[in-house]
Amino acid sequence: MTIAFVVAVSVLLGLLLFLVREVRRPPGPPEWGRTPVWPKRFRVAVDAIILLLALLAFWGFFIEPNRLIVREESIQINNWPRELDGLKIAVISDIHAGGSFINDKKLHTIVDRTNALHPELIVILGDYMSSNGWTSRRVEPEVFAAVLKNFNAPLGTYSVLGNHDAWYSGGKVRAALEQNGIKVLENEVLQLNARGVSLWLVGLADLWTRPQRIEQTIAKVPEGQTMIALTHNPDIFPNLPERVPLLLAGHTHGGQVRFPFIGSVVEASDYGERYERGHVFENNHHLFVTTGIGTSIMPVRFGVTPEIVLLTLRSK
């Protein structure tokens, strides 16, 4: 329990007690006789609004960022091989180890909950790193990779890197992951034998920090072969050739703070909410963006719960 949490709870209790006192307090002294009640109602309303705002802030800073849900999604893809109908992929992104609520215990929880889903393939879409800040501390790649090596899927665990990884040292992050059995793909392809047929993974480098070689990388996959592309930033989607049926991405945190009827406060995509979260179908192929697990810049999530996605691919 942190000092900030204790202070926040104390403030909430103080506001609640103040509101109770205002509700119970009479409008005026008995000798006044009949007194107007509107001043009291106004005070109670103001106190209630302040308490509500404080509760929402408490939820956003202390409750929602510490949650972790499993989100199950299904995508039907044209010309997807019948042999791969029902293929289950665990999609994880933006762990930001060392950030708020992402400690060693949470890393083990991520691994355990993912393994309990029994996916056939696990993909991690970058941004493992956090910087040293007032609510975060940098965790070295060797430390978190030693936990993440316990991911278990028949087809293996594969990754791309994100902008935070590159800003730290993409080479060090890649080396630590690969030493622990997690293959990193950066403008590289890999052929898997899935259910007796070929499935190619295409890892495309981060848009913000690395050279873009989309066409050249995809050209490494033989014509007519089934593939899934992985990247960190979804904004490359308009530049993706139509022969790539599905792109998986993260980066946006789903906006991280999202209010009903208003939308996201901050948009990490140049396309606004278009590629912010979930399933997108454009130009005859699919994009899926997970909202990720950790936080960045501010240690807050509101309306965007940290998630592990279990994605099922269906033949159409």
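**Close-up 1. Two phenylalanines meet in helix 2.** Both F58 and F62 are buried in this predicted model. They belong to helix 2, which covers residues 38-63, and sit four residues apart, about one turn of the helix. Their rings form a tilted aromatic pair, with 5.3 Å from centre to centre and 35° between the planes. The structure has five aromatic pairs in total.

**Close-up 2. Y271 and Y275 make a tilted pair.** Here the ring centres are 4.9 Å apart and the planes stand at 50°, so this pair of Y271 and Y275 counts as tilted. Which of the two tyrosines is buried, and which is partly exposed? Y275 is buried, at 0% relative accessibility, while Y271 is partly exposed, at 33%. Look for F237 as well: together with Y271 and Y275, F237 forms one aromatic cluster.

**Close-up 3. Six strands build an open sheet.** To find your way through this sheet, follow the strand order 1-14-2-3-4-5 and note that the pairing is mixed. Why does one side of strand 1 and of strand 5 lack a neighbour in the sheet? Strand 1 (69-77) and strand 5 (183-184) stand at the edges with a single partner strand each, so one side of each stays free of a neighbour in the sheet. Further in, strand 3 (residues 121-124) runs parallel to strand 4 (residues 157-159), and three bridges connect them. Within this pairing, V123 stands opposite Y158 of strand 4.

**Close-up 4. A hairpin joins strand 12 and strand 13.** Strand 12 covers residues 278-282, and strand 13 covers residues 285-289. The two pair in the antiparallel sense over five bridges, and F281 faces H286 of strand 13 across the pairing. Two residues lie between the strands of this hairpin, and N283 in the turn has a positive phi of about 50°.

**Close-up 5. A salt bridge connects E120 with R195.** The structure contains twelve salt bridges, and this view shows one of them, in which the closest N and O atoms of E120 and R195 are 2.7 Å apart. The pair links distant parts of the chain, 75 residues apart. E120 lies in the loop between helix 3 (104-116) and strand 3, whereas R195 lies in the loop between strand 6 (188-194) and strand 7 (197-203). R195 is partly exposed, with a relative accessible area of 40%.

**Close-up 6. R174 and E178 form a salt bridge in helix 5.** Both residues lie in helix 5 (residues 163-179), four residues apart, about one turn of the helix. Their closest N and O atoms are 3.2 Å apart. R174 is partly exposed at 22% relative accessibility, and E178 is partly exposed at 32%.

**Close-up 7. R210 reaches E186 through a salt bridge.** The closest N and O atoms of R210 and E186 are 2.7 Å apart. R210 sits in the loop between strand 7 and helix 6 (214-218), and E186 sits in the loop between strand 5 and strand 6, 24 residues apart along the chain. R210 is partly exposed, at 39% relative accessibility.

**Close-up 8. Five residues make a nonpolar surface patch.** F259, F261, I262, V265 and V266 form this patch of about 610 Å². Where does V265 lie? You will find V265 in the loop between strand 11 (263-264) and strand 12. With a relative accessible area of 54%, V265 is exposed.

Conventions. Residues are numbered from 1 along each chain as its sequence is written. This is a predicted model: local features need pLDDT of at least 70, side-chain atom pairs count only at pLDDT 80 or more; totals for chains, interfaces and linings use all residues. Side-chain values use heavy atoms; hydrogens and water are left out. Patches are made of residues with over 30% relative accessible area and no salt bridge: like charges are joined within 9 Å, nonpolar side chains (Val, Leu, Ile, Met, Phe, Trp, Tyr) within 5 Å. Accessible areas come from the Shrake-Rupley method with a 1.4 Å probe; for residues, only the protein chains shown count as cover. A salt bridge is a side-chain nitrogen of Lys or Arg within 4 Å of a carboxyl oxygen of Asp or Glu. Buried means under 20% relative accessible area, exposed over 50%, partly exposed in between (1.4 Å probe, protein chains only). Two strands pair if DSSP finds at least two bridges between them. Rings of Phe, Tyr and Trp (its six-membered ring) pair if their centres lie within 6.5 Å; planes under 30 degrees apart count as stacked, over 60 as edge-to-face and the rest as tilted.
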